[in-house]
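Hello,

I am handing over the structure we spoke about, and I have written down what was found in it so that you can read the notes with the model open. Please take your time with it.

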There are 2 protein chains.
Amino acid sequence: MSDKQTPIKDFQVIGTSPLRPDAVDKVTGRALFGDDVRLPGMLYGVVLRSPHSHARILSIDTRKAEALPGVFGAVTAADLPSFTDAGAYQRYQAENALANQKALYYGHPVAAVAAINPHIAQEALGLIDVTYEILPVILDVRQAMAEDAPILLDDLRTHEAGSRSDHSSNVASHEQTSCGDLELGFSQAAFIVEREFHTSTVHQGYIEPQNATAQAHEDGQITIWCSTQGAFGVRDQVAEILRVPVSHIRVIPMEIGGGFGGKNNVYLEPLAALLSRKCAHRPVKMIMGYDEVLAATGPTSASYIKVKIGAAADGRLIAAQAVLCYAAGAYPGSPVTSGMDCIFAPYKIPHVQIDGYDVVVNKPRTASYRAPGGTNANFAGEVVIDELCEKLGMDPLEFRLLNGVQTGDRKADGMPLPVIGFHEVIQAAQQTPQLSAPLEGPYRGRGVACGYWGNYGGTSSASASVNADGAISLVEGSVDLGSGRVAIAMQLAEAMELPYQDIQTVVGDTATVGYTEGTYGSRATFATGWAVYELAQSLKGQLCERAALLWDVEPDQVGYGKGAFTNRVSAESMSLRALASHMDETGGPVVASASVHPSKEGPAFGVHIADVEVDPETGKVSVLRYTAVQDVGKAIHPIYVEGQIQGGVAQGIGWGMNEEYVYDEQGRLLNASLLDYRLPTSLDLPMIETVLVEVPNPGHPYGVRGVGEMPIVPPPAALANAIYRAVGVRMQILPMSPPRILEALWEKERN
Amino acid sequence: MSDKQTPIKDFQVIGTSPLRPDAVDKVTGRALFGDDVRLPGMLYGVVLRSPHSHARILSIDTRKAEALPGVFGAVTAADLPSFTDAGAYQRYQAENALANQKALYYGHPVAAVAAINPHIAQEALGLIDVTYEILPVILDVRQAMAEDAPILLDDLRTHEAGSRSDHSSNVASHEQTSCGDLELGFSQAAFIVEREFHTSTVHQGYIEPQNATAQAHEDGQITIWCSTQGAFGVRDQVAEILRVPVSHIRVIPMEIGGGFGGKNNVYLEPLAALLSRKCAHRPVKMIMGYDEVLAATGPTSASYIKVKIGAAADGRLIAAQAVLCYAAGAYPGSPVTSGMDCIFAPYKIPHVQIDGYDVVVNKPRTASYRAPGGTNANFAGEVVIDELCEKLGMDPLEFRLLNGVQTGDRKADGMPLPVIGFHEVIQAAQQTPQLSAPLEGPYRGRGVACGYWGNYGGTSSASASVNADGAISLVEGSVDLGSGRVAIAMQLAEAMELPYQDIQTVVGDTATVGYTEGTYGSRATFATGWAVYELAQSLKGQLCERAALLWDVEPDQVGYGKGAFTNRVSAESMSLRALASHMDETGGPVVASASVHPSKEGPAFGVHIADVEVDPETGKVSVLRYTAVQDVGKAIHPIYVEGQIQGGVAQGIGWGMNEEYVYDEQGRLLNASLLDYRLPTSLDLPMIETVLVEVPNPGHPYGVRGVGEMPIVPPPAALANAIYRAVGVRMQILPMSPPRILEALWEKERN
């Protein structure tokens with residue numbers, strides 16, 4: 001269900017919904033994923049992982065393992081280059097790939113072995129002797145921040161804006177954003193709500209586990225086939241970890257079975273390359289079990305968040321304060337700054353202060369997860385806003401119309417917002433069928449929450465050639481996670497004024513296309529789409545020159561439109577297809593390359609509406625109905641835009657209701673399987689209704705703004721607000737799983 | 001041993017000899033050839049071939065084969081599209097892939113089957129019932145030309161310039177080139193020699209057999225992995241045979257184990273695609289046995305050639321006539337016109353007439369073989385010239401200095417020759433150590449022959465991007481048969497003024513690079529080298545613009561040289577490597593694409609000197625010493641240029657001395673194995689000495705002229721002329737194998 005508004009112009013291809021070319025191959029099993037890579041002489045690598053979540057590694061002896069028949073070699077951190085002259089970030093990258101001196105989380109790689117088959121490799125793991133000195137475990141972000149907490153990284157000092165502390169700490173950084181005068185603001189407030197929130201560690205839950213096959217050549221070149229969101233990112237990281245020039249590495253991205261931010265980082269890639277180097281330069285293939293995926297790839301941060309918001313009696317927001325403490329896992333790098341950016345972004349508030357702490361704990365190093373950091377922060381902010389609305393006696397959407405940001409408003413960091421469609425989204429939400437549908441019955445409630453995500457631009461490249469049949473072969477650099485090939489090809493088709501079917505698209509690797517950042521930050525359709533728009537301008541210009549040569553006129557006497565050239569002198573016409581068969585006579589094939597690095601992103605706002613029913617006996621929450629309204633900018637492929645929104649909501653519901661990492665006191669992950677880590681299934685989800693509000697982004701040739709991340713931001717807050725309406729408890733912890741709901745209900749009964 | 005002359009300028013990279021990047025992978029078995037393609041659900045296809053060399057196919061019944069468990073499907077010509085509205089050439093292409101109504105040679109494909117493994121597929125072949133009506137067999141070109149010869153192709157009419165005969169014929173075309181007045185010319189000649197020559201069918205003898213894996217997708221797209229000299233040529237041909245648009249096909253060229261012209265045509269590719277379509281859209285892999293390679297891929301033409309040449313008493317050539325009859329195999333397309341171009345090309349002759357006939361016979365359709373058609377013609381022409389020199393009492397090289405063509409001379413077809421180095425080559429030959437070395441002993445002789453090859457330009461494309469470490473990733477379209485990646489990357493390095501190691505090169509496929517003709521016609525280093533030269537101009541221009549942005553000056557105030565930019569205003573300097581790390585700040589990565597279609601080729605001339613010893617008891621000829629002198633234009637990579645020459649000579653010696661197809665009277669190939677088809681081994685060959693004469697081609701940015709084909713042109717003639725000096729018999733047949741030598745010696749004794 002798509003509700004289009006304010007189109008820029010009449011499009012021929014944009015706004016239609018052609019089928020994706022990879023669909024049949026994927027459902028028939030023919031699409032080539034990393035597991036399908038089979039090379040002559042290939043070995044299989046496996047990883048020895050730390051059984052301790054915090055331990056000093058006193059010694060590693062791989063000799064018995066290496067002596068096992070069929071084993072070709074083993075690697076440990078001793079096989080990595082020295083990082084004594086490198087920055088901490090680079091060293092952490094390497095240490096996360098292979099623990100050096102200390103294991104910092106359960107599952108931290110300690111060694112890797114390659115053998116002629118995975119069974120022998122597994123057997124060899126048991127022959128590696130590692131001596132550990134077990135250290136105290138810190139899992140909780142606030143415990144880690146305590147003055148007397150055991151220290152994970154001896155060299156880590158708290159980075160404060162403008163200064164650096166002189167003692168070790170688990171707090172990697174503290175940042176603050178502020179505007180106005182917080183004290184003054186709260187002093188003027190008629191209503192103030194202040195609450196604390198906790199969110200658990202959750203994983204992206206992509207279906208395909210991490211995998212990598214590497215071939216290290218004798219001349220130092222390395223080829224890697226893997227499942228990644230960005231081949232160039234893998235290249236950059238492997239180059240950092242192995243300390244080789246980026247151009248010595250070729251990364252070939254295979255088809256990908258989900259990433260959601262979790263496949264931007266490398267895990268197996270550097271190990272496979274190291275093993276290949278050490279094992280007679282044979283190719284080495286490595287595939288994680290799902291237990292390894294959960295235990296040792298990057299989930300997103302657990303967090304502790306404190307929020308205080310004040311409003312005037314007329315409902316206007318006056319002051320807001322937040323403290324966000326995000327668990328980075330074993331090495332610095334939580335998305336706390338994104339959480340800071342998101343938490344009050346939807347609102348005009350004159351007096352704001354936001355503090356963010358990036359804190360290391362004995363959990364796997366966090367990675368991006370769809371709108372990284374946004375969901376945690378938005379949960380806290382929007383639950384407090386809901387309570388404030390209740391105190392004010394205001395309808396939550398009316399409150400947001402009153403306080404919601406508009407184009408040109410400044411965020412707490414002082415940056416003005418570009419053209420946004422938040423108010424259009426709120427108004428569209430007010431018109432949704434769900435909002436006007438009665439919700440009757442006990443234990444039922446309806447909640448709303450809004451959400452924001454800034455989106456990202458970044459570097460993209462593409463190249464193309466015109467075929468003799470007039471179709472265009474496109475090579476673009478964005479790994480296709482969720483129909484990117486289609487959405488990018490459609491923009492080239494639109495720009496070339498050709499049917500979508502006339503564009504044949506492949507995703508290039510690091511050797512065959514220019515630098516392109518990964519498919520993250522809701523950037524692929526936006527930035528790579530822009531790159532192919534530029535490509536089209538070059539192709540059309542060259543084709544007009546060729547037509548001019550054939551007609552013996554000047555290029556500016558040739559017009560182009562809808563797949564045909566016009567001779568403005570003679571009024572003759574020639575189809576692109578006809579011209580394409582004359583390439584050699586006019587100088588050879590028409591080819592073009594383009595790259596872009598757009599800096600004007602298009603932020604996305606959304607409003608989500610959730611209807612729930614709570615079973616007071618079991619604490620189980622059923623999501624009865626769900627509508628997601630979002631300003632998607634110009635929707636290139638509306639059906640896949642809806643799919644993105646539905647996917648994000650599904651993940652947000654999982655995060656809100658059930659997903660969490662369960663550790664024992666020693667920091668061992670107890671639910672490292674998809675049976676025990678409770679992803680939502682189709683039985684847990686209603687049909688997710690979507691409303692696409694199209695406020696074109698003037699900072700893109702076709703008005704695209706990012707779509708994919710925003711939908712995961714509002715769900716936990718919307719569900720929490722619905723649960724409050726259903727049973728009167730304000731949930732301040734994620735997931736809002738049955739035991740937590742029951743605890744809250746019992747607590748409410750007690751008071 | 002390289003003897004460089006007349007360098008254009010000081011080069012930094014060109015003229016050095018770096019190692020090829022594929023070498024280690026190829027010797028260790030890691031390089032990925034077609035046989036290494038392994039896809040999920042892949043089937044194996046095999047071909048049923050005609051056991052008759054001329055037969056009508058009355059019926060084919062594949063039902064029993066298809067019913068065999070494990071078999072997924074079978075295809076016959078009935079599975080091809082209709083060609084009723086298509087041209088004859090296109091139909092012949094399809095009929096050669098799968099015989100329709102008639103089998104025209106031993107080994108002609110009649111059906112193909114795909115099964116879960118090759119054994120079941122082979123078993124299924126035995127279950128296909130084919131009913132043949134056997135027809136009379138024509139193997140010899142002159143028999144095929146006889147008025148009453150059985151006709152192979154009922155629709156074939158002799159194409160005469162300007163007219164078309166109205167009756168069926170085995171003569172596909174008759175062309176004539178002439179200049180001057182032949183009768184007048186011969187009337188003025190003091191010496192005339194007229195001889196007839198026969199050459200046998202010979203094969204390129206590449207080591208890797210043909211192979212192809214195809215995936216036909218449900219949406220009509222087809223992906224093909226194969227061993228080919230040109231991915232785009234495979235695409236064009238499969239598109240013709242299956243009648244689908246070229247852009248619906250993606251061809252991925254794997255590493256190639258030799259081609260020499262024999263891997264420009266498709267054999268298995270369309271069958272694998274048809275089978276994939278029919279077999280549940282599973283990928284289908286097909287690999288020929290070497291018996292199939294010899295029996296059913298394209299060898300080069302057997303030929304009958306008649307030559308008459310007249311010279312004045314002072315040694316000047318006056319008139320020359322030739323009739324060339326080339327056996328095309330089962331369908332038209334022998335290289336007779338190239339033979340016509342070659343036969344008198346080295347000489348200034350005022351009165352010339354050359355007739356060429358392209359004739360079908362019941363042998364496999366011929367394909368290109370290194371300087372296609374040139375060796376046959378040159379053998380005839382240079383043996384007659386040698387006899388003429390003898391009659392004139394002139395030294396063969398002095399004769400060639402007197403009569404040899406120079407820049408600007410016109411060929412028989414009226415075309416003027418561009419800058420050539422024939423006289424420089426003759427003079428260099430006069431200085432070779434071999435020529436001044438005494439050759440003593442009985443049955444020993446020294447022969448010389450010259451040779452010409454026109455070379456070819458054609459379409460090439462490339463694209464590139466600048467990496468953050470300053471190295472350049474290059475995608476070029478020329479399949480690497482004999483170090484092309486190196487020779488092309490060196491030209492980009494030279495143009496970029498960077499070390500060779502800073503260029504990372506991959507060969508693109510039809511989806512990832514612009515149209516590029518195959519690696520044939522000695523064109524890859526020439527034309528694709530030119531494309532990367534153009535690419536460098538674009539990259540340098542863009543990089544200067546970026547440097548100008550950083551320096552806040554105009555682009556024309558930025559200079560570039562030896563990997564560094566200079567600010568002409570401030571005299572600041574910045575390395576390309578330093579600039580490369582600032583790409584995003586200046587608009588994104590620098591990427592470029594280029595294509596060329598050069599029409600000015602650089603012809604190559606050579607002189608070969610052979611010393612032989614003939615065993616009069618057995619007829620065995622030993623090649624004692626061999627020197628090849630050639631104008632190679634500017635030698636990009638001298639060691640690989642020498643390797644090309646040595647390889648061409650080795651093949652020319654094989655062709656001259658031993659190789660031939662042996663058929664029985666029913667047209668069955670009797671020596672379809674590499675045990676019986678006698679390729680030269682290292683024991684048959686001396687060290688082949690080379691002299692590189694470098695007369696730069698002004699029609700190329702770096703003076704490149706083609707190298708690879710010319711070396712196969714002179715050997716049989718040089719050997720024949722040496723044999724004459726050794727034992728006094730003028731061989732007029734190829735191969736000059738022991739029985740033929742003995743026959744000639746016995747014939748001489750009889751007279």
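**Where the parts meet**

In this predicted model, A:Arg30 and B:Glu218 are joined by a salt bridge in which the closest N and O atoms are 2.6 Å apart. This pair belongs to the boundary between the two chains, where 2 salt bridges are found, together with 21 residue pairs in polar contact, both members of each pair being at pLDDT 80 or more.

If you look at the side of chain B that touches chain A, you will find that helix 1 (23-28), strand 19 (460-466), strand 20 (472-476), strand 21 (503-507) and strand 25 (591-596) of chain B each bring at least two residues to it. Strand 25 of chain B contributes the most, with 6 residues, and by class this side of chain B consists of 20 nonpolar, 23 polar and 10 charged residues.

The size of an interface is often expressed as the accessible area that is lost when the parts come together. For chain B and chain A that buried area is about 3900 Å², with 53% of it on carbon and sulfur atoms, and the contact draws 53 residues from chain B and 53 residues from chain A. Of the area that chain B buries against chain A, B:Arg30, B:Arg38 and B:Pro40 supply 15%, which is more than any other three residues give.

There is also a boundary to examine inside chain A, which is divided into domain 1 (23-31 + 457-596), domain 2 (37-136 + 204-296) and domain 3 (422-448 + 602-751). The C-alpha centres of domain 1 and domain 2 of chain A are 38 Å apart, and their contact involves 19 residues from domain 1 and 17 residues from domain 2.

How much area is buried between domain 1 and domain 2 of chain A? The value is about 1400 Å², and carbon and sulfur atoms give 60% of it. On the side of domain 1 of chain A, the residues A:Val479, A:Thr510 and A:Tyr515 supply 41% of the area buried against domain 2, more than any other three residues.

Between these two domains of chain A there are 3 salt bridges, and one of the salt bridges in the model links the side chains of A:Lys26 and A:Glu255 at 3.3 Å, N to O. The interface of domain 1 and domain 2 of chain A also holds 6 residue pairs in polar contact, both at pLDDT 80 or more, while the side of domain 1 that touches domain 2 has 8 nonpolar, 7 polar and 4 charged residues.

With best wishes

Conventions. Residues numbered from 1 in each chain as written. Chains lettered and ligands numbered in written order. Predicted model: local features only at pLDDT ≥ 70, side-chain atom pairs only at ≥ 80, totals over all residues. Heavy atoms only, no water. Domains from an automatic or database assignment. Contact = heavy atoms within 4.5 Å. Buried area = accessible area lost by both parts, 1.4 Å probe. Salt bridge = Lys/Arg side-chain N within 4 Å of Asp/Glu carboxyl O. Polar contact = N/O pair within 3.5 Å; in protein donor to acceptor, adjacent residues only side chain to side chain. Nonpolar A, V, L, I, M, F, W, Y, C, P; charged D, E, K, R; others polar. Helix = DSSP H or I, 4+ residues; strand = E, 2+ residues; numbered from the N terminus.
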